[in-house]
Amino acid sequence: MSSSPSIGPLVRKMARRDALSALEREALAGLLGPERAVKAGAVLVAPGDRPSYSTFLISGFCARFSVTAAGGRQLTEINVAGDFIDLHSMLMRQMDHGVVALADSVVAFAPHADLRRLTEQHPHLGRLLWLETVIDGAIHRQWLVTMGQQDAASRLAHLICELYRRLEAVELASDGQLRIPMTQADLGDVLGLTPIHVNRVLMELRREGLIEWKGAQVTIPDWDRLATFAEFDATYLRLQSDAV
């Protein structure tokens, strides 16, 4: 594959939050190694690993996961194009969770040594990358709230709203249209539901006219209705312009 990975999704997302200079854009572009294609189901990082790099998602869908002693899997965050999936591994060293591709994806790796050098030479980029990990924590907090306080239908609606706004930020969703290449089993591992229960919830949302879902293609006919139903507030995604 190409030896010049596309940093475009990350630049578009960062530029929504703060201005980037040409020098900073160039520094980000030089951070990544060659692009690598990975198949759906591939484990990029396993729990217990000590990676010497952080993974950048150029296209596709990935997720962080944990596995229980009984073999159950919980997906703890969905990653979309423009995400540094495991930026925190630079400081954590040993991973307490894994990373799996939910769909055929393209990734590139940023060596931790180069990431440290980047943050030392470009403090502003260091703060923006730090913000990425802060938002990861905000997403985890929001998922805890939805899991503990909302019913299954509003939890799924909330996830759809979140993914729409995150994909919109990297110009991969617009006009109520987005792609979610996840199986019902994947959705169940996010929402704490069985695939059968996920199917019932999807039918409920369709019946109420809140979504249309065919294959991986999702349509939101009325954003305000869906966001109200989901009790969705995008503040935790920090998508507005505010200098760091």
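Which residues of helix 9 (residues 223–230) are buried? Leu226, Ala227 and Ala230 are. Buried here means under 20% relative accessible area, exposed over 50%, and partly exposed in between (1.4 Å probe, protein chains only). Helices (H or I, at least four residues) and strands (E, at least two) are DSSP runs, numbered from the N terminus. The model is predicted: local features need pLDDT of at least 70, side-chain atom pairs count only at pLDDT 80 or more, and totals for chains, interfaces and linings use all residues. Residues are numbered from 1 along each chain as its sequence is written, and side-chain values use heavy atoms, with hydrogens and water left out.

The buried residues of helix 9 are Leu226, Ala227 and Ala230. They cover an arc of only 95° around the axis, so they sit on the same side of helix 9. The arc is that of the directions from the helix axis to the C-beta atoms. An α-helix has 3.6 residues a turn, so residues three or four places apart point the same way. Asp224 and Thr228 are exposed on the other side of helix 9. Helix 6 (152–169) is part of what covers the buried residues of helix 9; contact means heavy atoms within 4.5 Å. Both ends of the helix can be described. At the N-terminal end, Asp222 acts as the cap of helix 9, with a side-chain oxygen 3.2 Å from the backbone nitrogen of Asp224. A polar contact is a pair of N or O atoms within 3.5 Å; within protein, one must be able to donate a hydrogen and the other to accept it, and residues adjacent in sequence count only if both atoms are side-chain atoms. Glu231 follows helix 9 and has a positive phi, near 55°.

Helix 7 (184–191) is largely enclosed by the rest of the structure, because six of its eight residues are buried. These are Asp186, Leu187, Gly188, Asp189, Val190 and Leu191. They pack against strand 5 (73–79), helix 5, helix 6, helix 8 (195–207) and strand 9 (212–214). Asp186 has a relative accessible area of 9%. Its contacts, leaving aside neighbours within four places in sequence, are Arg73, Leu75 and Leu102. The C-alpha atoms of Asp186 and Gln74 are separated by 9.0 Å, although the two residues are 112 residues apart along the chain. Gly192 follows helix 7, with a positive phi near 75°.

A second aspartate, Asp136, belongs to helix 5. Asp136 counts as buried, at 11% relative accessibility. Not counting residues up to four places away in sequence, Asp136 touches Arg64 and Glu77.

Empty space was examined next. Rolling a probe the size of a water molecule over the atoms shows where empty space is left. On a 1 Å grid over the protein atoms alone, a cavity is a set of points where a 1.4 Å probe fits but cannot get out, and a pocket is an open set with protein on both sides within 12 Å along at least five of seven lines; lining residues have an atom within 4 Å of a point. Grid points are joined across faces, edges and corners, and a volume is the space filled by probe spheres set on the points.

The whole structure holds two cavities of 30 Å³ or more. The largest cavity has a volume of about 130 Å³. Its lining has 13 residues, of which Lys13, Arg17, Asp83, Ile135 and Arg166 lie nearest the centre. Helix 1 (8–17), helix 5 (123–149) and helix 6 each give two or more residues to this lining. Helix 5 gives the most, with four residues. By class, the lining of the largest cavity has six nonpolar, no polar and seven charged residues. Ala, Val, Leu, Ile, Met, Phe, Trp, Tyr, Cys and Pro count as nonpolar, Asp, Glu, Lys and Arg as charged, and the others, Gly among them, as polar.

The second largest cavity has a volume of about 70 Å³. Trp143, Thr146, Met147, Arg155, His158, Leu159, Val190 and Leu191 line this cavity. Helix 5, helix 6 and helix 7 each supply at least two of these residues. Five are nonpolar, two polar and one charged.

The largest pocket contains about 190 Å³ of space. Among its lining residues are Leu87, His88, Met90, Trp130 and Thr133. Helix 5 provides the largest share of the lining, four residues. The lining of this pocket comprises six nonpolar, four polar and no charged residues.
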